[in-house]
Structure formats: structure tokens, C-alpha cells
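Subject: Handing over a structure

Hi,

Here is the structure I promised to pass on to you. Have a look at it first, and then read my notes below.

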Amino acid sequence: MSTFTYLLGDSRTEAERLRTQAELWDPISHALFDRIRIARDWNVLEIGPGRGSLHAELKRRVEGPVDAVEQSAVFANALTGGHIQNVKLLDAELPREHYDFIFARWVFLFLPDPLAHLRKLAGALKPGGILAIQDYFRETFALAPMPDDWNALVAADHAFFEGEGGDGRIGAKMPRLFAEVGVETVEIVPHILSGHPGSAVWLWLSDYYLNILDRYAQLAPFTRAKAESIAKSWREAEKDPASLIIAPAVLDVVGRKRAAWRGGPT
Ligand SMILES: C[S@@+](CC[C@H](N)C(=O)[O-])C[C@H]1O[C@@H](n2cnc3c(N)ncnc32)[C@H](O)[C@@H]1O
């Protein structure tokens, strides 16, 4: 039984944040699906679809059902068209060597033991099947002009995901993990969005960070005083159209299951 707690929950506020985040990022995922050339009738599995905008897009592309594993009952109950399992991935029952394509965006950074999760997915992939993970390498996160104590904020950002055993750098670790489960990395594409005050990128990152600073303030060396100082600097920066925010990088990591790999238990 997988016991970790998913950090961001499924409140209405979080669902709305996921919706606006998806508006910004879905075109990047669609471009990934174009490159992979997802075809009609492929067997597809999505992990952690959340509000499901990409689950709908995948169904549109295969012109049929798309299976999903989603640990939130709120999100799982809203998904249709496919075998939807409302469990954590490690507790899911997946068919062996069944899927042509397995996809997860922004799920792995939360997961303890990513190798066990990848081993499970590799077991469910057909030989030659494609695994695509879109996930963070959060090191690129910056605000210009850079506020005092920025490094403490970045440290708290990492500590937050590490709190439940996750990893905000997991995107960059994927190729080595893929290799351990018999998946050959065929492509890594970075996306580092940036924007000035008022832009969609600025609003997306302000919505996340300014609302989570209270939780981050619990994570030393970040403190409540530093959180307040960052929030003040952020709001000051917002008044200057020349200010720039640089987002945490998201990496598309695409792999192909080696034909000979039969793997361990799923
Ligand atoms: C940050 S949201 C991303 C949602 C969606 N993939 C997107 O790109 O908009 C992470 C999602 O993964 C789900 N999730 C987290 N851990 C999971 C696990 N172990 N098994 C299945 N779903 C999980 C959460 O419930 C949530 O819906």
C-alpha cells in the first residue's frame, strides 16, 4: 500500500490553479504528442490526469478510450472513457505489456521511490512502447531583479517536494532511471517559460508561490520574515514592466521500451 500524502490536494482552488496552468502548458504537451505521433487505436495510459485536459486530448487522438490512474477521487470521478482507477499508481492493477504509450505530467516530482513507479509502468508497456514524462528541473526558477533571500526560497521549494519523498529535479534524473527499467531515452526537450508582469507566466507563478509562502515558511532556512520579504519584493517587481520571472524548467523526457526487457514484478 502506497502511504505518501499527495502535497497539493484537490480543493476547488487547486482545481482552478490546475485549469489555468493547463491553459498555459497544454500546447507544449500537444506538441510532444505530435512528435510522438500518437495514432488512432493506440492503447494509452495517463497517470495523474488531474482535471483531465490532456486525458481528453489523448482520447481525441486515439479516437477511443484512454485508461488512467488518479489518486484523487474528485479528479478520478470526473474522468470518462477508459478504465479509470482511483488509486495511487503503486496500488494500481496494470496489464502486462499492453500499452503503446504511457504519459505523466507533473506527477513524478511528488513520488517517493520513482524507480518503483517507473518499473511498474515499464512492465505495462509493450516492447517498443513509448513512455513520456513531463516534469520539473526547478533549478532555473528566478526573478529579476532578484530579491534578497531568493536562495532560501529556492531551498524551501526543494524541501517542500522532498517532504513527502518527492524531488523537484526529477526531470533531469529520468534518463538514468529509464535505463534501469529497460527504457531507452530517445528525446529530452527543455521548456523554460518566462514573462513580464501581467503575462500568463507571471500570473501562473505568482498564483502558486504567493499562495504557498506560508507553507514554505515552515521549511528552514526559509522563515516567515523571509517569506514576507520575498512577497514584498515580488509585489514591488510587479510594478515595473521590465521585471522578468523565469519559471522552473519542465523537461519532456521520452523513452522507448527495449524489445528484450521483461523486467521485474509490477
Ligand atoms: C500537479 S497535478 C498535475 C495534473 C495533470 N497531470 C496536469 O498536468 O494538469 C498532479 C496529479 O497527480 C495525481 N497524483 C499524485 N500522485 C499520484 C499517484 N501516486 N498515483 C496517481 N495519481 C497521483 C494528483 O492527484 C494530481 O491529480
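Before the loops come up, a word on how elements are named: helices (H or I, at least four residues) and strands (E, at least two) are DSSP runs, numbered from the N terminus. This is a predicted model, in which local features need pLDDT of at least 70 and side-chain atom pairs count only at pLDDT 80 or more, while totals for chains, interfaces and linings use all residues. Residues are numbered from 1 along each chain as its sequence is written, and side-chain values use heavy atoms, with hydrogens and water left out.

Let me begin with the loop between E6 and H5, where Asp-149 is found. Asp-149 is not a glycine, yet its phi is positive, at about 70°. Its relative accessibility of 32% makes it partly exposed (buried is under 20% relative accessible area, exposed over 50%, partly exposed in between, with a 1.4 Å probe and protein chains only). Pro-145 also has its place between strand E6 (142-144) and helix H5 (150-162), and a cis peptide bond with omega of about 5° joins it to Ala-144.

Two other loops are worth a visit. Between helix H2 (53-62) and strand E2 (67-69) you will find Glu-63, a non-glycine residue with a positive phi of about 55°. Glu-63 counts as exposed, because its relative accessibility is 56%. Pro-221 lies in the loop between helix H7 (200-216) and helix H8 (224-238), and the peptide bond leading to it from Ala-220 is cis, with omega near 10°.

Now to the ligand. Around it are 19 residues, of which Gly-48, Glu-70, Gln-71, Leu-89 and Arg-105 come nearest (a residue is near if one of its heavy atoms lies within 4 Å). The shell comprises twelve nonpolar, four polar and three charged residues; here Ala, Val, Leu, Ile, Met, Phe, Trp, Tyr, Cys and Pro count as nonpolar, Asp, Glu, Lys and Arg as charged, and the others, Gly among them, as polar.

Which atoms does the ligand meet at Gln-71 and Leu-89? One of its oxygen atoms is 2.7 Å from an N or O atom in the side chain of Gln-71, and a nitrogen atom of the ligand is 2.9 Å from a polar backbone atom of Leu-89. Of the 590 Å² of accessible area that the ligand has on its own, the protein covers 98% (areas come from the Shrake-Rupley method with a 1.4 Å probe).

Best wishes

How values were computed: A polar contact is a pair of N or O atoms within 3.5 Å; within protein, one must be able to donate a hydrogen and the other to accept it, and residues adjacent in sequence count only if both atoms are side-chain atoms.
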